[in-house]
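Please open the model in your viewer and keep the selection panel at hand. The stops below go from the chain pairs to single chains and then to single residues.

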Amino acid sequence: MSDQAEKSVTAPEKEEAAKTEEKVPLYTGYDLDYFVTPKDLIDAVRKLDQAGFFLEDISCLDMKEGFQLVYHFDRFDQPGRVGLRVMQDRENHDVPSIHHIYPGADWHERECFDFFGIRFKGHPNLLPLLLDPDHQGPPPLIKDESARKSLEELYPDRVTTPVNIEDEQFTREITNCSNPKYRNPS
Amino acid sequence: MNLDLRLDTSGDFYAQKFQPTKREDTLILNMGPQHPSTHGVLRIILEIDGEYIVRAQPVLGYIHRMHEKMAEVMSYPQYLPNPARTDYLHALAWGWAHVGAVERLMGLEVPERAEFIRVITCELNRINSHLLWWGAYLLDLGAFTPIMYAFDDREIIMDIMQRVTGSRLTYCYYRFGGVSGDIDDRFVSETREQCARMKERFKMYKALVTENFILRKRVEEIGEISVDTCRRYGATGPVLRGSGQEYDVRRAEPYSVYDRFDFNIPAYNDCDAMGRYLVRMDEMQESIKIIEQALDALPEGDFIHPKAPKRAKPPAGDVYFAVEGARGKIGMHLVSDGGKSAYRLKLRAPGFSNLSLFGEVSQGTLISDAVSILGSLDLVIPEIDR
Amino acid sequence: MIEAIPIQLVIMLVGLAATMAFVGLNAIVLVYLERKVAGFIHRRPGPYEVGPHGILQPFADGLKLVGKQIFTPKGADSFLYWLAPMISMAPAVVCFLVIPFGPHLQIINTNVGLVLILAFTGVNVLALCIAGWTSQNKYSLLGAARGVSQSVAYEIPLLLSVLPIIFLTGTFNLFDIATNQGSWPWQWFVVTQPLAFIIFFICALAETNRAPFDLPEAESELTAGFHTEYSGMGFALFFLSEYAYMVIAACVGAILFLGGFKGPIVDGWWWFLAKVYILLLIMIWIRWTFPRVRFDQLLNICWKWLIPLAILNLLITLLVIAL
């Protein structure tokens with residue numbers, strides 16, 4: 001019954017949303033968004049570091065294919081957000097820690113370890129950060145088997161193949177990355 | 001009597017992991033979670049040599065409530081009050097980040113009047129937050145009186161806000177597509193009055209406090225943080241601007257109607273606690289400038305989108321939305337699977353990143369300076385622990 | 001001869017009882033005064049609920065402190081731990097014996113009065129040290145370490161600022177020092193020795209651990225410093241002795257620099273009390289106005305400014321006397 005009621009409520013909204021979608025490009029907050037392989041991550045982050053980005057945070061998702069780590073980077077002088085997405089197998093974690101490039105990543109990685117149990121390779125101090133050290137049971141943000149969604153369901157029309165970071169184009173893109181709405185005051 | 005405190009192994013998990021280094025004559029000191037200057041339940045384990053800090057390690061999680069899990073089990077409207085509970089001092093900015101992320105994912109438009117109301121209330125809230133920081137920081141430095149003056153001003157702002165939002169601290173005012181209630185003439189006139197009053201008060205604060213000789217000695221050249229340190233740790237907000245980098249989300253990723261107002265981004269090149277202090281003092285005045293411009297240009301119209309859904313149900317996809325909070329960049333990474341509640345909501349707390357550089361900056365400082373540095377970072381622990 | 005001894009003893013005992021009462025009474029007045037002045041500076045009413053205008057507030061505070069559990073930390077040396085507040089309080093009472101409150105109001109008129117006061121107030125450091133050491137708490141220990149180095153450092157400029165007065169009057173007798181000054185303000189030593197008075201006042205603030213020099217008990221850094229672990233009457237005794245030392249400092253300041261009981265028209269204890277309370281009010285005023293200094297700054301003020309200035313002042317005074 002509730003399903004019925006909801007459908008009737010959301011039907012006009014969907015139309016509304018569809019209309020606005022046509023008018024303005026959908027806001028995602030990302031100026032650049034890449035999938036990278038775990039072994040390329042360090043190199044990609046190094047390139048971002050050289051381009052003057054700072055690490056905003058590391059977000060993580062539990063999905064059918066495993067874990068998806070999302071690294072958000074932004075820049076002070078020429079704002080523009082870059083997202084790096086790394087897919088992780090559920091059992092074997094081979095994502096490297098980036099704390100030696102961004103010391104601020106230390107705590108973000110510990111948080112991911114807390115909430116998802118992801119073991120970052122080479123992290124010096126992978127202790128619980130926000131949770132009780134005596135916490136029993138699975139990490140709190142792990143989803144039930146039935147609740148997990150796949151990449152296609154969450155990102156309906158997205159290319160999810162990892163980008164080749166050796167490519168010149170990748171370097172060029174992140175160097176020129178900028179938020180179109182940002183206006184330089186000077 | 002066991003006088004060799006270095007051999008004390010009775011500590012908890014984190015104290016045991018924090019083993020003393022090979023250096024002689026050092027002492028492990030546990031500062032917090034019940035310590036007057038850690039503002040709540042922050043805990044810092046210090047290794048000290050006399051009064052000099054050799055090593056410092058913050059321990060978090062004492063007020064961790066797992067807001068991110070709550071977002072996954074509560075529907076979007078049910079989650080509306082939650083962000084205010086993370087950073088209780090700048091509750092509206094957090095509410096805005098959440099509401100804004102959902103709106104953007106849904107492609108929901110906000111009426112212009114609602115945007116102006118949001119700007120006005122958010123900036124009033126920012127002034128409140130900075131005022132409390134100002135009082136509490138001076139309390140940390142041993143001056144008791146300023147907090148009373150700050151509360152004098154806060155009280156008026158809270159009264160103004162209470163009439164429109166219904167609460168005094170943990171506001172839940174913003175809705176998907178607008179705000180929960182319209183503002184009236186009394187709100188406008190009272191806000192104008194308060195703006196005029198605050199301008200006079202800032203002059204007094206400057207003469208009474210900022211120019212005090214002892215205060216200057218306690219904050220100048222203390223806790224110097226370079227822009228590069230900020231970058232490596234992801235520190236934003238007044239901490240970054242106190243290091244001379246003009247970075248403000250209101251300018252960098254203009255949201256709402258902020259691009260229509262004329263305001264400066266205060267930045268000081270000193271990189272020290274005084275720089276951060278002055279940035280916040282200036283920011284309050286800039287906020288007043290914004291509020292006055294917004295009140296002058298306040299358009300008529302709806303305070304909430306007439307077709308705003310009662311039950312938000314954004315389509316599948318993900319969005320990252322950031323706003324400028326009193327402590328820095330508040331980010332929300334929202335992933336939706338098209339359901340009634342978020343598939344994943346990641347909160348980026350500015351204090352989290354700002355605090356993470358404390359371990360590096362506090363090395364070699366005195367305990368008194370560490371207190372000064374901690375205060376200048378403007379920490380709100382519930383926001384850091386979430 | 002035999003009859004004379006009991007009379008001396010009786011005077012001593014009555015005097016001690018009287019000074020105890022005076023210390024207690026002063027503490028009550030000062031607690032109320034401090035809270036009311038703080039309220040005035042903060043633009044709030046201050047204590048208002050207990051009695052008319054909150055006048056009974058100090059009694060309520062006292063009652064609360066008496067009723068609290070006496071608590072000894074685990075692993076502390078309980079004998080020394082409880083001895084510390086008594087060591088802190090006892091010398092304060094003795095100091096009042098030699099203070100001339102009025103022309104005929106002095107319990108013991110001795111020619112080493114000033115030396116006695118300076119010596120006995122120094123004992124307070126010992127109490128601080130014992131309290132911090134035996135509390136078995138790292139904050140207490142740090143507070144005690146701060147307290148000792150602060151007190152030791154500030155003893156020197158304190159003595160140096162008192163010396164010019166002694167050279168001018170040629171006596172340690174507090175009564176004689178007071179009578180050496182005239183009745184009118186321009187005849188007091190504060191006019192001839194303004195620098196000594198300022199140095200004395202700063203040192204007095206530091207010696208009594210008052211803000212902005214309240215580093216041994218800096219609550220935002222060391223929770224409560226050396227008396228972190230004390231509860232109930234142990235804390236109350238430290239509290240009481242802090243106020244007692246404040247009063248002593250103000251008394252000595254009033255006698256040495258402000259003419260003691262001498263005043264316009266009629267000399268008497270009323271002038272003395274007025275001067276003491278003006279000095280106390282200034283101390284309270286300073287506490288609620290300034291932030292706390294840092295520890296190295298505190299010692300820098302002492303070693304780099306106060307001591308050289310005090311020595312300079314002393315030399316100039318000696319030169320003037322010699323000429």
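Begin by colouring by chain: two pairs of chains touch, and the pair with the most contacts (heavy atoms within 4.5 Å) is chains A and B. Chain A and chain C, by contrast, do not touch, and their nearest C-alpha atoms are 25 Å apart. This is a predicted model, in which local features need pLDDT of at least 70 and side-chain atom pairs count only at pLDDT 80 or more, while totals for chains, interfaces and linings use all residues. Residues are numbered from 1 along each chain as its sequence is written, chains are lettered from A and ligands numbered from 1 in the order in which they are written, and side-chain values use heavy atoms, with hydrogens and water left out.

Next, select chain B and show it as a cartoon, where you will find 17 helices and eight strands (DSSP runs, H or I of at least four residues for helices and E of at least two for strands, numbered from the N terminus). Colour residues 5–59 as domain 1 and residues 67–354 as domain 2, bounds that come from an automatic or database domain assignment; the C-alpha centres of these two domains of chain B lie 33 Å apart. The C-alpha trace of chain B spans about 70 × 50 × 35 Å along its principal axes. Of its 386 residues, 66% count as buried (under 20% relative accessible area with a 1.4 Å probe, protein chains only; exposed is over 50%, and partly exposed lies in between).

Staying in chain B, select Y233(B), which lies in helix 10, residues 227–233. Is Y233(B) buried or exposed? Its relative accessible area is 10%, so Y233(B) is buried. Now show what surrounds it: apart from neighbours within four places in sequence, Y233(B) is in contact with P103(A) and G104(A) from chain A, and with S353(B), S356(B), L357(B) and E360(B) from chain B. If you also select S368(B), 135 residues away along the chain, you will find its C-alpha atom 24 Å from that of Y233(B).

Move on to chain C, which has twelve helices and zero strands. Its C-alpha trace spans about 60 × 50 × 50 Å along the principal axes, and buried residues make up 55% of the 323 residues in the chain. Among contacts in chain C with a separation of 6 or more, 76% are accounted for by residues 24 or more positions apart. Switching on the surface of chain C shows an exposed area of about 14,400 Å², of which carbon and sulfur atoms supply 76% (Shrake-Rupley method, 1.4 Å probe).

Two loop residues of chain C make the last stops. Select Q136(C) in the loop between helix 4 (113–134) and helix 5 (138–169) of chain C; its phi is near 60°, a positive value in a residue other than glycine. Q136(C) is partly exposed, with a relative accessible area of 28%. Then go to N209(C), in the loop between helix 8 (194–207) and helix 9 (219–222) of chain C, where phi is again positive, about 55°, although N209(C) is not a glycine. N209(C) is buried, with a relative accessible area of 5%.
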